[in-house]
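Visitor: I'd like a close look at one part of this protein, the place where two helices pack side by side. Could you set the scene before we zoom in?

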Amino acid sequence: MSKQHDINRREFLRKLGFGSASAFSLMAMGPLQALASERAPLPVPEGDIKMTYRKQNGSGENISLLGFGMMRLPREQEEVDRLVDYALAHGVNYFDTAPMYGGGRNEAVTGATLSRYPREKYYVATKMSNQNQALWSFEKSKEMYENSFRQLRVDYIDYYLLHSIGGGGMDALRGRFIDNGILDFLVKEREAGRIRHLGFSYHGDVRVFDYLLDHHDQYHWDFVQIQMNYLDWRHAGRRGRRGGDADAEYLYGRLEKLGIQAVIMEPIRGGGLANVNDEIREQLRAVHPDDSPAMWAFRWVGSHPNILTALSGMNRMEHLEENIRTFSPLQPCTEAENELLARIADQMAGFPTIGCTTCGYCMPCPYGVDIPGNFAFYNQAVTDKILPLPEPSNADYAERQEAFIKAYREAIPAEKRATTCTDCGECLAKCPQQIRIPNQMSRLVELTRKRRK
């Protein structure tokens, strides 16, 4: 193998973050540790905050346009406190969590860090994460709802969501929320003031999204959380998906017409819009030499007026600092910048990537496959133009495949590789992106299988 191929392989691994504290290693650390917050809170300044805010339509609350997604957090409570202290000190006041995050302990970690501050200084969002059919009964769902109050150490929840509607289609919607009476219960909880704002997060079958909006007069949704970024705006990543999805332009447009504000998840598409290839990076640098690709993606999202907040999973201080700079204050994209990003999206839509955002909902795999890690490796290889491999008849086929296989084996331990997948299908119902996960694992197996001479 040539020295140049070896350098490319090392650079490829570095971009993925393997060998460092990458998103995947953080996700694999297991349950978050230590729930006793001993770090004294910082004073939240009243003035000289440059953060951009949006007013919530119903209450007039000032919500930071940058929201803190708490799904992927550092392992230690002290480090979580440090991030939250910095965020609050710089104007971030919206914090999003869920019972299923962090191995089931994320709400407790979030509650431990936020409870050090006066209740009026922050807005907390959590969810009814009853995706497992064993939790569909009214009693189990209500138990989850009540436990969120205890874990978060609050007596009201600012923003409460039906979590990940769309997965499983209309049957799952009826089973999880309608037939068991839990949605009617949550509406009454909002009337009683224990829920301030009621909404839902959407993934998957657009018929479910449309049904809930068609019944807006009945439920009076205060907000809806959708996946939106400049790639999904018109290219919602249908490759490898099981259908039923819709472009973000459609989702946002429906909400805007109804006057329902959007909360945005995946503004940088699970990191994919931060780790663009060199060709795209140079196009962006030609306009703003000092702005990272992530800053471009956040600016694009924040430029839309019907957005209440855009969530970012900030588990590293450098990410938090850059995001705060981006939104303090936000500089909306110009028409020319929007046109540039639309052209880049068209380019990216031609990449044969897998629409995984590394959310980790599919995990743990009962057979030990690191599903998001495998997909992230594949997607980065496509982004860096390592894939697709040339035709087997090409002279450099064997050398390029060897380089790809070696990098893959260094990045993914043997017991976590695609070859371990048994096609059991347990992950399919869990994936909010509706990816045909076993099929994609089979593709990876083929890519890493050497041809016989």
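How many helices and strands are there in the protein chain, and what does the packing of α3 and α13 look like?

Guide: Happy to! Keep in mind that we're looking at a predicted model. The protein chain holds 17 helices and 10 strands. Of its 453 residues, 56% are buried. If you take the contacts between residues with a separation of 6 or more, 80% of them link residues that sit 24 or more positions apart. On the outside, the chain has an accessible surface of about 19,400 Å², and carbon and sulfur atoms own 49% of that.

Now for your two helices. Helix α3 covers residues 77-89, while helix α13 covers residues 317-326. To describe a pair like this, you give the angle between the two axes and the distance between them. Here the angle is about 10° and the axes are 10 Å apart. Anything under 35 degrees counts as roughly parallel, so α3 and α13 are roughly parallel to each other.

Who actually touches whom? From α3 come R82, L83, Y86 and A87, and they meet M317, L320, E321 and I324 of α13. Sort the residues of this contact by character and you get 6 nonpolar, 2 charged and no polar ones.

Let's step just off the start of α13. R316 lies in the loop that runs between β10 (307-312) and α13. With 35% relative accessibility, R316 falls between the 20% and 50% cut-offs, so it counts as partly exposed. R316 also has an interesting partner to compare with: R72 is 244 residues away in sequence, yet the two C-alpha atoms are 10.0 Å apart in space.

Go out the other end of α13 and you reach the loop between α13 and α14 (335-349), where P329 is found. The peptide bond from S328 to P329 is cis, with omega near -15°. Why point that out? Because most peptide bonds are trans. There's another cis bond further along, joining M363 and P364, with omega about 0°. P364 lies in a loop as well, the one between α14 and α15 (371-383).

While we're on backbone quirks, most residues other than glycine have a negative phi. H220 isn't a glycine, but its phi is positive, about 55°. You'll find H220 in the loop between α9 (216-219) and β8 (223-227), and its 45% relative accessibility makes it partly exposed. D423 has a positive phi too, near 65°, and isn't a glycine either. D423 sits in the loop between α16 (397-411) and α17 (437-447). At 54% relative accessibility, D423 counts as exposed.

Finally, a look inside. The largest nonpolar core has 117 residues, and the ones touching the most other members are F68, F200, F209, W221, I226 and Y230. Take I226 as an example: apart from neighbours within four places in sequence, it is in contact with F209, L251, Y252, L255, A262, V263, I264 and M265. There's also a second, separate core of 10 residues, including I63, A125, L308 and L311.

So, back to your helix pair: α3 and α13 are roughly parallel, and their contact has 6 nonpolar and 2 charged residues.

Notes: Residues numbered from 1 in each chain as written. Predicted model: local features only at pLDDT ≥ 70, side-chain atom pairs only at ≥ 80, totals over all residues. Heavy atoms only, no water. Helix = DSSP H or I, 4+ residues; strand = E, 2+ residues; numbered from the N terminus. Buried < 20%, exposed > 50% of the residue type's maximum accessible area, 1.4 Å probe, protein only. Contact = heavy atoms within 4.5 Å. Areas by Shrake-Rupley, 256 points an atom, 1.4 Å probe, with all protein chains shown as cover. Core = buried A, V, L, I, M, F, W, Y, C linked by side-chain atoms within 4.5 Å. Axes fitted to C-alpha atoms, helices over the stretch in contact; angles between N-to-C directions. Parallel < 35°, antiparallel > 145°, perpendicular 65-115°, else oblique. Nonpolar A, V, L, I, M, F, W, Y, C, P; charged D, E, K, R; others polar.
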